Every structure is written in structure tokens, then in C-alpha cells.
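Subject: Structure handover

Hello,

Here is the structure I promised to pass on. Please open it before you read further.

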Number of protein chains: 2
Amino acid sequence: MTFSLHPQLAADCHVVGDLPICRVLLNAQFSQFPWLILVPMRTGCRDLTDLPPMDYPLVMDEVAFVHDKLKALSKPTKMNVGAIGNMVPQLHIHIIARFETDEAWPKPVWGHAQPKPYSGVEAAMRAAELKELLEI
Amino acid sequence: MTFSLHPQLAADCHVVGDLPICRVLLNAQFSQFPWLILVPMRTGCRDLTDLPPMDYPLVMDEVAFVHDKLKALSKPTKMNVGAIGNMVPQLHIHIIARFETDEAWPKPVWGHAQPKPYSGVEAAMRAAELKELLEI
């Protein structure tokens, strides 16, 4: 089976680019947060440990890489990382830069923020900036 | 500096035991969820990648270990993993078994569930069961 992005993630996000294992997405629905999503390009994974064992540490390294790049760019109060996936049954890992001044603080963003989508042009520009940041 | 558990985590949780790097806690405030919290016994860490680089993959292995043990025990619909930490400034990683029948489903638990604390005896018994499960 070939990897393909879940339609809900495809609809909600703008593709930034591919790392060796993970596709990097910009969450295009919440422009008020620096919010990336990593999707391991593997089939049949929903929970973190559904990953092939040899891929797990490599995915975690990609999480750390993207985490630190987004942190350096955004200079947030705190980074939030989560693999939730109750609604979209394809493993994806949220990496979000949070600020004491953001609308959901100190709560997690999920369910505590109103969507504020990027325009198509804004999403493309933001994704291009992040693509350069991640060198992908 | 010696590691000590943040007072808020100490107040809200019951200690299950120690893995080589992480202290394993039972979240004693939400008895309706199988909910463990891993706290790396390292000082000065708030974000995931504040861990010493050599500890990071080992902590991720402990996350996977606890994740799979709790999943096997609870047989949930979905596992949720998150490092949020906006309120408690000591790195801690939530590992939660979720069910379609739980009160917060399909939302994440944080901010979408009412506390329902274990009694002291219940927490101790549950922690003992988990300690045996994790062989710690």
C-alpha cells in the first residue's frame, strides 16, 4: 500500500515539504498559531507505536528537529507537542508554538481556539518560509 | 541540582514508580481515564528538547514502553500522547487511553473533562496495579 495523506489533513493543511519520513504540514485553519503537523509517510499507523520499530526513533528525531526550528523562529513561551488523532485516523503529530498572549493560553489549543484560516496566498507564503527554515 | 517533582504534579498525582529516566505518575484527579504522566528525572527541562540530547531517545523509548503497556491493559479506542506544560513548568508527558464512550471523546481530555479524583485507597491500588504492569 502506498502512503497517501488523509483527506481531512489534506483539506485543513498546506503541505510544507517532506523530511525523510514525515510530511510536514502547516495547519492552515489556525493562522493565529505557529502550528505544524508531522505525518509519517507510512501506512496503517494511528497510534505513535504503530510505526515500524525502526522508524519510531527516526520520527522522534524529526519531531525534535521541527520543534527546535519552529521554537527558534517563533520564540514562544512554550512548545506544545501532541499525538491525539481521535478524529483523524492517520498518525499525525502536532507541534505548536504557544504564547502567554494567545487566545487559548494556558489551555491546549484543541477545542479552545476559534479557526482563523489563512488565505490561500498567506498559507502558501507561510509554507514557503517554513520550507526554507526546515531546508526541505 | 537534584531532581525533585514539581509540587503541582506531586499534589495531583500518585507515584507509580521510576523507570531509568522517567518517574511514572498516575493522574489521581481524573479516575475516569487511564492516565499516566512521565516526568524525566532531569533538572531544568520544560520543553521536550530541553532534555540532554543523549536522554531524548531514551525518554522516547520509555514513552513507547508505557504507551504500549497501558494500551494492552486498557484496550482503548485511541492512545493520546502530549507534552503541553503551559501551566506546570517541569517537562511531563501525558499518556492517556481514550474511549469512544468517555466523557471528552472525541476532544482531547485537557479542559474537556471534569475532575473525578480517586480516593487515596483507590489511587494506591491503581498505582500498585500499574507498577506491576510496568515491572518497576
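Below is what was found in it, from the single chain to the contact between chains and then to the core.

One caution to begin with: this is a predicted model.

**Chain A as a whole**

Chain A has three helices and five strands. Read from the N terminus, their order is α-β-β-β-α-β-β-α. The C-alpha trace spans about 40 × 30 × 25 Å along its principal axes.

How does the radius of gyration of chain A sit beside that of a compact globule? For 136 residues, a compact globule would come near 14 Å, and chain A has 14 Å, so the two agree. Of these 136 residues, 40% count as buried. Contacts also reach along the sequence. Take those in chain A between residues at least 6 apart: 59% of them join residues at least 24 apart.

**How the two chains meet**

Chain A can be laid on chain B by a turn of 180° and a shift of 0.0 Å along the axis, with an RMSD of 0.0 Å. The two copies are therefore related as by a two-fold rotation axis. Which C-alpha of chain A is nearest that axis? It is that of Gly82(A), 2.0 Å away from the axis.

In the interface, 29 residues of chain A are in contact with 29 residues of chain B. On the chain A side, the elements that give two or more residues are α2 (56-74) and β4 (78-83). The most comes from α2(A), with seven residues. By class, the chain A side has 14 nonpolar, eight polar and seven charged residues.

The copies meet through the same surface, because 100% of the interface residues of chain A are also interface residues in chain B.

Strands pair across the interface as well. β4(A) and β4 (residues 78-83) of chain B run in the antiparallel sense, over three bridges. Look at Gly82(A) again here: its bridge partner in β4(B) is Gly82(B).

**The core**

Nonpolar side chains tend to be buried together in soluble globular proteins. In this model, the largest nonpolar core has 78 residues. The residues with the most contacts inside that core are Leu36(A), Leu38(A), Ile95(A), Leu36(B), Leu38(B) and Ile95(B).

Leu36(B) is a good place to zoom in. Leaving out residues up to four places away in sequence, Leu36(B) touches Val24(B), Leu25(B), Leu26(B), Val66(B), Leu70(B), Ile95(B) and Leu130(B).

**Two residues to look at**

Start with Val39(A), in strand β3 (residues 35-40) of chain A. Is Val39(A) buried or exposed? Val39(A) has 24 C-beta neighbours inside 10 Å, so it counts as buried. Beyond its neighbours within four places in sequence, Val39(A) is in contact with eight residues named here in full: Leu5(A), Leu9(A), Cys22(A), Arg23(A), Leu25(A), Gln90(A), Leu91(A) and His92(A). Glu122(A) lies 83 residues from Val39(A) along the chain, and their C-alpha atoms are separated by 22 Å.

Then go to Arg23(B), in strand β2 (residues 22-27) of chain B. Arg23(B) counts as buried because it has 20 C-beta neighbours inside 10 Å, and 20 is where the buried class begins. Not counting residues up to four places away in sequence, Arg23(B) touches Leu5(B), Val15(B), Asp18(B), Val39(B) and Met41(B). The C-alpha atoms of Arg23(B) and Lys69(B) are 15 Å apart, with their places 46 residues apart along the chain.

Best wishes

Key
Residues are numbered from 1 along each chain as its sequence is written. Chains are lettered from A and ligands numbered from 1 in the order in which they are written. This is a predicted model: local features need pLDDT of at least 70, side-chain atom pairs count only at pLDDT 80 or more; totals for chains, interfaces and linings use all residues. Helices (H or I, at least four residues) and strands (E, at least two) are DSSP runs, numbered from the N terminus. The radius of gyration is taken over C-alpha atoms; the globule rule is 2.2 Å times the number of residues to the power 0.38. A residue is buried if 20 or more other C-beta atoms lie within 10 Å of its own, exposed if 12 or fewer, and partly exposed in between; C-beta atoms are placed from the backbone. Two residues are in contact if their C-beta atoms, placed from the backbone, lie within 7 Å. Copies are superposed by least squares on the C-alpha atoms of residues with pLDDT of at least 70 in both. Ala, Val, Leu, Ile, Met, Phe, Trp, Tyr, Cys and Pro count as nonpolar, Asp, Glu, Lys and Arg as charged, and the others, Gly among them, as polar. Two strands pair if DSSP finds at least two bridges between them. A nonpolar core is a set of buried Ala, Val, Leu, Ile, Met, Phe, Trp, Tyr and Cys residues joined through C-beta atoms within 7 Å.
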